[in-house]
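Subject: The structure I promised you

Hi,

Here is the structure we talked about, so that you can look around it yourself. Have a browse first, then read on for what turned up.

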Amino acid sequence: MSAMSTTPTEILLRIGEIWLKGRNRRDFMDRLLHNLLETLRPRLPGVKIQVHYGRLQVRLADPSQMNDALALVTNVPGVVSASPVISVDPTYEAIEAAALAMIKTEWGDRDGSFRVQAKRTNKHFPMNSMELARVLGSALYEQRPREVDLKNPDFTFGVDVDEEEARLWVQRVPGIGGLPVGITGRTLLMLSGGIDSPVAGYLAQKRGCRVDGIYFHSPPFISEASRDKVEVLA
């Protein structure tokens with residue numbers, strides 16, 4: 001029997017603020033999905049994105065794309081955090097077997113405290129979220145005893161269970177949050193050679209604005225080097 005693969009080929013994206021929107025939530029999700037695809041597809045061929053219970057799941061064509069994909073998606077406004085995941089059947093037996101294999105690979109014999117974070121949206125699953133975290137935590141402890149710390153652990157093991165599959169993760173990469181670029185319209189940005197204007201543009205993008213930069217060049221009082229610098233900033 002071959003060993004279970006613990007190499008993630010998918011990324012779970014958390015969207016935070018967008019989830020609080022009301023009847024127009026679909027518009028925000030569609031814009032974020034569009035922006036992610038526009039960012040990923042030119043660089044990582046074969047990438048697909050699916051929507052699962054208010055979260056987005058990136059499916060890579062090859063595991064070697066993982067580092068590049070993580071760097072790209074966490075720099076897209078609207079993404080709060082991202083986790084490489086492996087997906088298994090939504091049964092406790094499949095979850096425990098994969099979890100034990102994952103921590104053996106990912107944590108090894110390193111010392112440190114740990115916790116389990118569980119979320120169950122599948123109401124037919126026989127345990128609620130707290131029960132799943134407790135039972136799975138006990139199984140992980142039995143394989144390799146570590147101190148349990150629910151507030152500030154050295155290691156976190158996450159499991160999300162829905163009707164179709166369970167997603168397991170050990171890494172959570174922060175995103176820049178905010179709203180998808182373009183959802184709140186277009187705005188003009190006066191660009192100079194300083195740092196204030198590009199920071200203002202960045203913050204406007206995080207609130208959903210599509211930014212068009214404007215620069216006024218005034219030769220001979222302003223050199224070509226100044227214009228070149230603005231182009232780099234833009």
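A good place to start is R14, which stands opposite S81 in strand β4. Please keep in mind as you read that this is a predicted model.

R14 belongs to a strand that is worth a closer look. β1 covers residues 10–14, and it pairs with β4 (residues 81–88) in the antiparallel sense over 5 bridges. β1 also pairs with β3, again in the antiparallel sense, over 4 bridges. If you want a landmark on that side, I11 has V58 of β3 as its bridge partner.

How much of β1 is buried? Of its 5 residues, 5 are buried, so the strand is largely enclosed by the rest of the structure. Side chains in a regular strand alternate between the two faces of the sheet. In β1, E10, L12 and R14 point one way, while I11 and L13 point the other way. R14 has one more feature to show you: it lies over the face of W169, 4.8 Å from the ring centre.

**Salt bridges**

The count here is 9 salt bridges. One of them joins E10 to R59, with the closest N and O atoms 2.5 Å apart. This pair links distant parts of the chain, as E10 sits in β1 and R59 in β3 (residues 55–59), 49 residues apart. Are the two partners buried or exposed? E10 counts as buried because its relative accessible area is 9%, under the 20% limit. R59 has 23% relative accessibility and so counts as partly exposed.

Another salt bridge brings together the side chains of R167 and D162, at 2.7 Å from N to O. Both R167 and D162 are buried. You can also trace a network of salt bridges here, which links E10, R59, D162, E165 and R167.

For a salt bridge elsewhere, go to R186 and D212, whose closest N and O atoms are 3.1 Å apart. This pair also links distant parts of the chain: R186 is in strand β9 (residues 186–190) and D212 in strand β10 (residues 210–214), 26 residues apart. R186 is exposed, with a relative accessible area of 58%, whereas D212 is partly exposed at 28%.

**Aromatic rings**

There are 3 aromatic pairs to find. In one of them, W107 and F114 meet in a tilted arrangement, 6.2 Å centre to centre and with 55° between the planes. Both of these residues, W107 and F114, are buried. W107 also pairs with F157, this time edge-to-face, with 6.5 Å between the centres and 85° between the planes. Where do these two sit in the chain? W107 is in the loop between α3 (92–106) and β5 (114–120), and F157 is in strand β6 (residues 155–161), 50 residues apart. F157 is buried, as is W107. Taken together, ring pairs link W107, F114, F155 and F157 into a cluster.

**A loop residue**

Last, please turn to Q65, in the loop between β3 and α2 (66–73). Q65 is buried, with a relative accessible area of 10%. Which residues is Q65 in contact with, leaving aside its neighbours within four places in sequence? They are L44, P45, V47 and L60.

Enjoy exploring, and do write back with any questions.

Best wishes

How values were computed: Residues are numbered from 1 along each chain as its sequence is written. This is a predicted model: local features need pLDDT of at least 70, side-chain atom pairs count only at pLDDT 80 or more; totals for chains, interfaces and linings use all residues. Side-chain values use heavy atoms; hydrogens and water are left out. Rings of Phe, Tyr and Trp (its six-membered ring) pair if their centres lie within 6.5 Å; planes under 30 degrees apart count as stacked, over 60 as edge-to-face and the rest as tilted. Buried means under 20% relative accessible area, exposed over 50%, partly exposed in between (1.4 Å probe, protein chains only). A charge sits over a ring if NZ of Lys or CZ of Arg is within 6 Å of the ring centre and within 35 degrees of the ring normal. A salt bridge is a side-chain nitrogen of Lys or Arg within 4 Å of a carboxyl oxygen of Asp or Glu. Contact means heavy atoms within 4.5 Å. Two strands pair if DSSP finds at least two bridges between them.
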